[in-house]
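Grab a pencil and work through these short exercises. Try each task yourself before you read the solution.

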Amino acid sequence: MLLEQLKELQEYGFVEKKTYEGYPLRVEYSLTGDMGVQILEALKIMQHIGIEYLAANGMEHVLEEKGVILE
């Protein structure tokens with residue numbers, strides 16, 4: 001399942017795959033410099049909005065359970 005998701009992310013241009021020769025076979029996945037970094041920034045913005053929402057609505061306990069430290 002994970003490999004299918006990684007392949008899809010590659011097809012969309014968010015992730016790139018690097019394969020190294022030798023034994024055992026070694027593969028590394030990383031964010032692409034353009035689309036991958038942009039999607040990461042979008043996720044950070046969404047996370048920030050979620051944290052602000054929970055804090056503003058008296059749900060700090062949820063953040064504390066997740067180990068999120070409010071600034």
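Before we start: accessible area here comes from the Shrake-Rupley method with a 1.4 Å probe. Keep in mind that this is a predicted model.

**Exercise 1.** Work out how much surface the protein chain exposes, and what share carbon and sulfur atoms supply.

Solution. Step one: the exposed area is about 6300 Å². Step two: carbon and sulfur atoms supply 58% of that area. Step three: turn to the inside, where buried residues make up 10% of the 71 residues.

**Exercise 2.** List the elements of the protein chain in order from the N terminus.

Solution. Start by counting: you'll find three helices and two strands. Now put them in order, and you get α-β-β-α-α.

**Exercise 3.** Compare the radius of gyration of the protein chain with that of a compact globule of 71 residues.

Solution. First, the globule would come out near 11 Å. Next, the protein chain itself has 18 Å. Then look at the C-alpha trace, which spans about 55 × 25 × 25 Å along its principal axes.

**Exercise 4.** Is Thr32 buried or exposed? Find its place and its partners, too.

Solution. Locate Thr32 first: it's in the loop between β2 (26-31) and α2 (35-56). Buried means under 20% relative accessible area. Thr32 has 10% relative accessibility, so it counts as buried. Now for partners: the Thr32 side chain makes a polar contact of 3.3 Å with the side chain of Asp34. Leaving out residues up to four places away in sequence, Thr32 also touches Gly13, Phe14, Val15, Glu16 and Val37.

Terms used. Residues are numbered from 1 along each chain as its sequence is written. This is a predicted model: local features need pLDDT of at least 70, side-chain atom pairs count only at pLDDT 80 or more; totals for chains, interfaces and linings use all residues. Side-chain values use heavy atoms; hydrogens and water are left out. Helices (H or I, at least four residues) and strands (E, at least two) are DSSP runs, numbered from the N terminus. Buried means under 20% relative accessible area, exposed over 50%, partly exposed in between (1.4 Å probe, protein chains only). A polar contact is a pair of N or O atoms within 3.5 Å; within protein, one must be able to donate a hydrogen and the other to accept it, and residues adjacent in sequence count only if both atoms are side-chain atoms. Contact means heavy atoms within 4.5 Å. The radius of gyration is taken over C-alpha atoms; the globule rule is 2.2 Å times the number of residues to the power 0.38.
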